[in-house]
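Please look over the sequence and the structure shown here, and keep both in view while reading the paragraphs that follow. They start at a metal site and then move outward to other parts of the chain.

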Amino acid sequence: MRDLHQVSHADMANAIRFLAADAVERAASGHPGMPMGMADVATVLFTRFLKFDAAQPRWADRDRFVLSAGHGSMLLYALLHLTGTPGWPIEALRDFRQLGSPAAGHPEYGHGEGIETTTGPLGQGIATAVGMALAEEMDRARFGADIVDHHTWVIAGDGCLMEGISQEAISLAGHLRLKKLIVLWDDNGITIDGDTSAATSEDQRKRFEASGWATLAADGHDPESIAEAMEQARQSDRPVMIACRTRIGYGAPSKAGTAKCHGSPLGAGELQAAREALGWPHAAFDIPLPVREIWAVAGGRGAEVRQDWEVRLAASPRRASFLDHHAGRYPEGWRQALADHRAALSSKPGAMATRKASGAALEVLTPAIPQMIGGSADLTGSVNTLTKATAPLTAENFGGRYIHYGVREHGMAAVMNGMALHGGYRPYAGTFLVFADYLHPALRLSSLMGLPVTYVLTHDSIGLGEDGPTHQPVETLAMLRATPGLVTLRPADAVETAEAWEIALDRRDGPTAIVLSRQDLPTLRLDGGVENASRRGGYVLAEAACGPRRVTLIATGSEVEIAYEARALLEAAGIGAAVVSLPSFELFRAQPAEYRAAVLGQRDGVRVGVEAALRFGWDEVIGASGAFVGMTGFGASAPADVLYQHFGITAGAVAAKARDLLGEPA
Ligand SMILES: Cc1ncc(C[n+]2csc(CCOP(=O)(O)OP(=O)(O)O)c2C)c(N)n1
Ligand SMILES: [Mg+2]
């Protein structure tokens with residue numbers, strides 16, 4: 001390794017400081033304080049510790065670096081530029097926060113090489129990093145330390161540590177003893193409102209230690225103090241938090257150490273004064289050649305290590321399985337196994353809760369697809385996510401495939417994101433649909449990043465019965481359907497449930513929510529499930545039989561059965577009625593207009609929507625003149641069948657609405 005000490009540490013750190021402050025100044029918006037405060041820590045990390053090769057930012061065995069304090073995005077962009085990461089010319093930094101620049105306001109996964117995850121919603125980064133560190137342990141257990149051996153480094157601020165999700169993440173990481181996770185806490189005592197003492201008096205080190213972490217402290221402006229702590233952290237047998245004491249906006253004469261430099265440009269005068277104070281006479285975006293060169297050396301530090309790794313991988317007996325795993329290639333046979341399963345369900349129609357049908361589909365899929373990693377937020381027996389093929393994952397057995405996330409929905413979702421980002425894994429995990437609210441910020445990031453994680457959301461309506469309105473979602477489906485990039489599926493029976501799983505596993509570019517009933521539902525699909533009908537989002541399950549179609553009854557999940565019964569009532573009265581099953585609004589919306597019109601019977605009479613949830617979003621399907629049978633407010637505590645009667649979600653009510661619309665009341 002070349003000597004990096006010809007140019008001073010201060011010069012290297014100042015290069016970061018001024019790239020950040022100048023970019024914020026030019027954009028007239030952004031956060032200079034955090035990059036200026038953490039420039040020393042970041043310089044030590046990137047020049048002496050982080051295992052990476054800037055020329056190959058996707059090298060599988062690189063250390064992961066997560067900027068959890070995403071508002072300090074210019075710190076990351078400055079590092080990516082200085083280390084020579086592809087796609088990060090100085091122009092990208094000059095265009096900070098402008099449309100089309102990889103240097104977006106907050107780091108966005110997929111917008112530029114080297115951005116490991118999207119951050120900005122405080123706390124998400126640290127929790128996502130737990131998933132990455134976990135995936136590293138899992139990879140090492142599967143493929144061996146000769147090809148998997150890297151750390152996950154996180155920079156987290158006061159805000160990240162105040163957010164509740166950080167507690168879930170810290171607690172789980174400590175429990176699983178993720179020893180290759182190192183959190184660098186930007187301990188600057190400042191947030192937007194001013195001194196952190198206004199809102200918190202926690203002893204952070206004790207807090208982490210209580211969760212099974214090791215902690216260290218460093219002077220965040222003394223490179224040797226930082227290096228000593230990082231060296232020690234790498235030897236730890238448990239996750240490590242290093243409290244890096246820093247001064248926000250370090251170098252800005254009047255604003256450093258105050259909230260004034262947190263989130264707005266320093267201003268021309270203060271910026272010039274900082275240049276003088278730190279001895280940086282260079283123009284904005286001008287990095288002197290020796291500093292530039294020494295940073296480029298830092299960017300190439302890992303090249304040899306990576307090449308050695310390539311040689312080891314080439315010689316490894318696990319090479320093929322490692323590459324398949326990371327490319328997300330499933331072994332042959334899973335699709336056929338699932339098709340056989342669907343055919344068997346169709347040939348022996350019975351009644352089964354779709355949450356149970358999901359468990360049955362997982363029993364078929366998990367032995368076939370080793371990338372699938374299950375779990376639940378302490379509701380395993382209710383959400384049916386555990387299968388015979390998925391042994392529990394523990395600190396002693398990272399070869400396991402089932403994660404007991406504990407009662408930590410938000411952390412669970414972020415950890416799934418981290419596993420998916422790390423590469424290879426297809427995480428799925430379950431909780432009750434109503435608690436999707438507890439994990440939604442992380443689910444939103446799954447969608448924004450386009451990560452193929454699967455949410456198993458059961459107990460999906462008043463149909464769960466006695467647990468009452470706290471547990472009965474009425475608005476949650478609308479929230480999921482309103483989330484861009486998410487595919488929500490609410491299957492009507494066991495066959496559609498198996499189809500939903502096939503759709504989820506075929507998705508590579510976004511998350512899927514599978515919404516499932518607690519109560520038994522009859523098998524309605526008797527066609528052998530040969531073709532995956534759910535792929536079109538909606539389809540005619542039963543066409544009008546007694547005459548031309550005059551009514552189209554459109555339902556999802558458990559209400560398809562009710563629509564079916566309503567159809568029988570209408571047909572008995574000589575009114576031709578069809579039932580449309582609509583498991584996914586998003587997939588249906590993607591179909592050609594003619595198909596949608598034909599399914600919905602847009603030229604054939606009236607439409608009635610049925611769903612045990614709020615009408616919000618349904619006008620798209622039934623039109624403004626359509627009728628809707630569903631919920632108008634919260635549910636109640638009672639047996640499910642009583643609730644369906646009480647709230648008027650019955651076949652009789654559906655048939656009556658249809659007849660009203662036809663002007664032919666019974
Ligand atoms: C979940 C969430 N809530 C609020 C914000 C708005 N916000 C951005 S930075 C910040 C303060 C963060 O303080 P700290 O992490 O200490 O950063 P520093 O001021 O030290 O840079 C807040 C409240 C956010 N980005 N995410
Ligand atoms: Mg702070």
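Both Asp158 and Ile190 are buried, and these two residues make a good starting point in what is, it should be said at once, a predicted model. Together with Asn188 they supply the protein donors of the magnesium ion, ligand 2: Asp158 gives an OD atom, Asn188 gives its OD1 atom and Ile190 gives its O atom, and these donors lie 2.0 to 2.2 Å from the ion. Read along the chain, the donors of the magnesium ion follow the spacing D-x29-N-x1-I. Because Asp158 belongs to helix 6 (residues 158-162) while Ile190 belongs to strand 4 (residues 190-191), the pair ties together parts of the chain that are 32 residues apart in sequence.

Some of these residues appear again when we turn to the other ligand. Which residues are closest among those that surround ligand 1? Ligand 1 is surrounded by 15 residues, and the closest of them are His71, Gly159, Asn188, Ile190 and His262. Asn188 and Ile190, which are donors of the magnesium ion, are thus also named among the closest residues around ligand 1. Several contacts to ligand 1 involve the protein backbone: a backbone N or O atom of Ile190 lies 2.8 Å from an oxygen atom of ligand 1, and a polar backbone atom of Gly159 is 2.8 Å from an oxygen atom of the ligand. For Leu122, the partner of its polar backbone atom is a nitrogen atom of ligand 1, at 3.1 Å.

From the ligands we can move on to the sheets. Strands of a sheet pair through backbone hydrogen bonds, and the pairing can be either parallel or antiparallel. One open sheet has 5 strands in the order 1-2-3-7-6, and its pairing is parallel. Its edges are formed by strand 1 (64-67) and strand 6 (214-219), each of which pairs on one side only, and neighbouring strands of this sheet are turned by 20° against each other on average, with direction ignored. Within this sheet, strand 2 (residues 152-156) runs parallel to strand 3 (residues 181-187) and is joined to it by 5 bridges; at one of the positions, Ala156 has Trp185 in strand 3 as its bridge partner.

Another open sheet has 6 strands, in the order 10-9-11-12-14-13, again with parallel pairing. Here the edge strands are strand 10 (402-404) and strand 13 (487-489), and each pairs on one side only, while the twist from one strand to the next averages 20°. Strand 12 (residues 454-458) and strand 14 (residues 512-515) run parallel and are joined by 4 bridges, and Thr454 stands opposite Thr512 in strand 14.

Further along the chain, strand 19 (residues 606-611) runs parallel to strand 20, and 4 bridges join them. Glu611 has Gly630 in strand 20 as its bridge partner. In strand 20 (residues 627-630), Ala627 and Val629 point one way and Phe628 and Gly630 the other way, yet all of these residues are buried.

The loops deserve a careful look as well, and two residues in them share a backbone feature. Phe285 has a positive phi of about 65° although it is not a glycine, and this residue is found in the loop between helix 10 (268-278) and helix 11 (289-300). Is Phe285 buried or exposed? Phe285 counts as buried because its relative accessibility is 11%. His459, also not a glycine, has a positive phi of about 55° and is found in the loop between strand 12 and helix 19 (476-481). With a relative accessible area of 5%, His459 is buried.

Finally, how many disulfides are there? A disulfide is a covalent bond between the sulfur atoms of two cysteines, and here pairs of sulfur atoms are counted if they lie within 2.5 Å. By this rule the count comes to 0 disulfides. Cys160 shows why: the closest cysteine sulfur, in Cys244, is 13 Å from the sulfur of Cys160, which is too far for a bond. Cys261 is likewise in no disulfide, since the nearest cysteine sulfur, that of Cys160, is 17 Å away. Cys160 counts as buried at 1% relative accessibility, and Cys261 counts as buried at 0%.

Key: Residues numbered from 1 in each chain as written. Chains lettered and ligands numbered in written order. Predicted model: local features only at pLDDT ≥ 70, side-chain atom pairs only at ≥ 80, totals over all residues. Heavy atoms only, no water. Pairing = 2+ DSSP bridges. Axes fitted to C-alpha atoms, helices over the stretch in contact; angles between N-to-C directions. Buried < 20%, exposed > 50% of the residue type's maximum accessible area, 1.4 Å probe, protein only. Donors = N, O, S within 2.8 Å, 3.2 Å for Na, K, Ca; no water. Near = heavy atom within 4 Å. Polar contact = N/O pair within 3.5 Å; in protein donor to acceptor, adjacent residues only side chain to side chain.
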